[in-house]
Amino acid sequence: MTDTPAPTGAAITLSGCGKTFPDGTCALEPLDLQITPGETIVLLGPSGCGKTTTLRIIAGLESPDAGGKVLFDGQDVTQLPIEKRNVGMVFQSYALFPNMSVIENVAYGLRVRGVAKKERLARAAEVLEMMRIDQLAERRIDQLSGGQRQRVALARALAVRPRVILLDEPLTALDAALRDHLRAEIDGLLRRLAITAIYVTHDQAEALALGDRIVVMRHGAIAQIGSPRDIYFRPADDFVASFVGVTNRLEGAVRGGRFETAAGSIAVAGPDRATASLAFRPETAVLCGAGDSGLRFRVEQVHFQGARQRVQLGAADGGRLVVEAAADAVLVVGDDVGLVLDPARFVLV
Amino acid sequence: MQRSPLVFALQLLVTLLAAAFLVVPAAQSILAGLTVNYFQGLRSGLTLDWVAQVWGLYAPTILRSILLALATLGVTLLIGVPAGWALARKPGRLSRLVEEVVTLPVAIPGLALALGLILAYGGIREFRASVAFILVGHVLYTLPFMLRSVMAVLAAIDVRTLEEGAASLGASPWQRFIQVVVPNARPGILAGSLMVVTLSIGEFNLTWMLHTPLTQTLPVGLADSYASMRLEIASAYTLVFFLMIVPLLIAIQIMGGEKRAKKRK
Ligand SMILES: Nc1ncnc2c1ncn2[C@@H]1O[C@H](COP(=O)(O)OP(=O)(O)OP(=O)(O)O)[C@@H](O)[C@H]1O
Ligand SMILES: [Mg+2]
């Protein structure tokens, strides 16, 4: 797309958008969400938490319960059907038209807008080139691999230069290696086009890699909104912490500025608490000699993983932790080790 | 699995006997329409005279049947395709009910259906005397076949998601229907169309009740010729009927075969 300036994204506001389906299922409690122009926002959560429903409300495929409002750039579009909203959408099943070739699929959005055949094919060809699938232009849809279909679906959604692109688990149907590759490609594309993107996934690695901000959802409500770093290192609650990667927790109490647990104690900020738990990520802890820190554990298992080792530790009260160690660290199962925690990277809840 | 030659020979024999049982009467009937005098048998020689006579006597009937079948096709397409689409989009209790109601005429004996039509609309003289009256009966009877055929293919291609895809690209409901739904439902529409034409051309029960001497159709004419003409003419009529219906049946077979082959792939 060289002939026009990159499309700029729309700002999206959801206010009080809930959704109860006719059969009585409450898929979404009324929620508010502000998305700034050009931002990539990821909806993350377990199956059935309402991600797709939220996306479909933004798209206009589903209308929110009474009282809910969807605004694009401050304009109320709640009553507009999807075909009037100028959004691009990539479906989990791709929804490519089997009766059209690849290039006809990509040109379809321009066709319904009345763009002349020659021009729309030229523009579709440009998008195919941008996605590096121009050699597939004349193929039929059933002659494409999963990854190729995914690219065509994205190209088709982008060809109309939408102000918002909505992606519903676009990579879930693909194998792991291809997923990583396409994720990086999509990330680059979304940033280059400066388009507002809403990306649904239940894969935390995908969410952390792609999102400017992540919305973690649970049971039809928002559990936390924040940058990937916020979500990862400062999860709002247990649910977010355990959903976004492996989290260690130590149970204990805070007394006189120290967190005391079965494995020992360390200095923390904050008032005294009779019960507290301290949560941290495996890679934020550093192993040291048994007497070199206030916390002492026994090595229970060691898994060599190439670049790193993954170490399972046991505390005196039976609590278990997982931490990482350098590949060349010498660790013997049954030995005692100490653990140093970075105060900036654990949370006390 | 190794099949023993004896079992195979037995199976072949049974199949051939069954086929012969069905084919012999048909062949005899066709032959009767081509012999000069059936009672003297083939010795009397072969002729196309009877076929020509049938054409002379029943050409308008045959033509009427073809036009009727095409009109039935037109109406079932106009109603069946959009209705199948609407039902496929909103699968629920209501759409199942509609489907059941529309399918009812297949289960009800044609005679009862015809009687119902005569009781309800027979009083309107112009209508009762016209071919349109038979057309209504044929549409009632064939519509479920079109509807089911269309719905089956729409369910198989997940038409709702395809339509949402088209809508997200800005297509209006009409554009979606014409550019996405219909082209992708084509195999179902074609199969349904062949079915409708074949059923309409061969329909007797209903039509026999609904027709007037001036609105006979092919099968009704057949009955008429059996009742009132000499055997050779009646047989020649059967031959004409075969010539019209067999290509349609073969086409249906081929279509079905193609669909199955595609599914296997
Ligand atoms: N058309 C519908 N009618 C009734 N209930 C529905 C409908 N669509 C979704 N639901 C329900 O709403 C809830 C949220 O569904 P949604 O599809 O938004 O989940 P999701 O987060 O996208 O899950 P997944 O990761 O499995 O796709 C689920 O409990 C689901 O069963
Ligand atoms: Mg979903």
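**Notebook: cavities, pocket, ligand shell and chain B**

I began with the enclosed spaces and noted a volume of about 50 Å³ for the largest cavity. I record here that the model is a predicted one. I counted two cavities of 30 Å³ or more.

**Entry 1: the largest cavity**

I listed the lining of the largest cavity as Tyr232(A), Phe233(A), Pro235(A), Thr247(A), Ala279(A), Phe280(A), Arg281(A), Arg345(A), Phe346(A) and Val347(A). I then looked up which elements contribute to this lining: in chain A, α7 (228-233), β14 (273-280) and β20 (346-348) each give at least two residues. Sorting the lining by class, I obtained seven nonpolar residues, one polar residue and two charged residues.

**Entry 2: the second largest pocket**

I turned next to the open spaces. I noted about 670 Å³ of space in the second largest pocket. Its lining holds 23 residues, and I found Arg56(A), Leu61(A), Arg89(B), Lys90(B) and Glu164(B) nearest the centre. Two helices of chain B, α7 (159-168) and α8 (173-184), each provide at least two lining residues of this pocket. I asked which element gives the largest share of the lining of the second largest pocket. I found that α7(B) does, with four residues. By class I recorded eleven charged, seven nonpolar and five polar residues in the lining of the second largest pocket.

**Entry 3: the shell of ligand 1**

I looked up the residues around ligand 1 and wrote down Phe21(A), Asp23(A), Thr25(A), Ala27(A), Ser47(A), Gly48(A), Cys49(A), Gly50(A), Lys51(A), Thr52(A), Thr53(A) and Glu169(A). I divided the residues of this shell into six polar, three nonpolar and three charged. Helix α1 (residues 51-59) of chain A supplies the largest share of the shell, three residues.

I then checked side-chain distances to oxygen atoms of ligand 1. For Ser47(A), I read 2.5 Å between a polar side-chain atom and an oxygen atom of the ligand. For Thr52(A), I read 2.6 Å between an N or O atom of the side chain and a ligand oxygen atom. For Thr53(A), the corresponding value was 2.5 Å, again from a side-chain N or O atom to an oxygen atom of ligand 1. I asked how much of the accessible area of ligand 1 the protein covers. On its own the ligand has 640 Å² of accessible area, and I noted that the protein covers 63% of this.

**Entry 4: chain B**

I counted twelve helices and zero strands in chain B. Read from the N terminus on, I found its elements to be α-α-α-α-α-α-α-α-α-α-α-α. Along the principal axes, I noted that the C-alpha atoms of chain B fill a box of roughly 75 × 70 × 30 Å.

I consulted the UniProt record, an unreviewed entry, and found "domain: ABC transmembrane type-1" annotated over residues 62-252 of chain B. In the model I found this span to be 86% helix and 0% strand, with its end C-alpha atoms 21 Å apart.

The unreviewed UniProt entry also carries the annotation "transmembrane region" for residues 66-88, 100-121, 127-147, 189-211 and 231-255 of chain B. I looked up two of these segments in the model. Residues 66-88 of chain B are 100% helix and 0% strand, and I read 31 Å between the end C-alpha atoms. Residues 189-211 of chain B are 87% helix and 0% strand, and I read 29 Å between the end C-alpha atoms.

How values were computed
Residues are numbered from 1 along each chain as its sequence is written. Chains are lettered from A and ligands numbered from 1 in the order in which they are written. This is a predicted model: local features need pLDDT of at least 70, side-chain atom pairs count only at pLDDT 80 or more; totals for chains, interfaces and linings use all residues. Side-chain values use heavy atoms; hydrogens and water are left out. A residue is near a molecule or strand if one of its heavy atoms lies within 4 Å of it. A polar contact is a pair of N or O atoms within 3.5 Å; within protein, one must be able to donate a hydrogen and the other to accept it, and residues adjacent in sequence count only if both atoms are side-chain atoms. Accessible areas come from the Shrake-Rupley method with a 1.4 Å probe; for residues, only the protein chains shown count as cover. Ala, Val, Leu, Ile, Met, Phe, Trp, Tyr, Cys and Pro count as nonpolar, Asp, Glu, Lys and Arg as charged, and the others, Gly among them, as polar. UniProt positions are given in the numbering used here, feature names are shortened, and annotations may be inferred rather than shown by experiment. On a 1 Å grid over the protein atoms alone, a cavity is a set of points where a 1.4 Å probe fits but cannot get out, and a pocket is an open set with protein on both sides within 12 Å along at least five of seven lines; lining residues have an atom within 4 Å of a point. Grid points are joined across faces, edges and corners, and a volume is the space filled by probe spheres set on the points.
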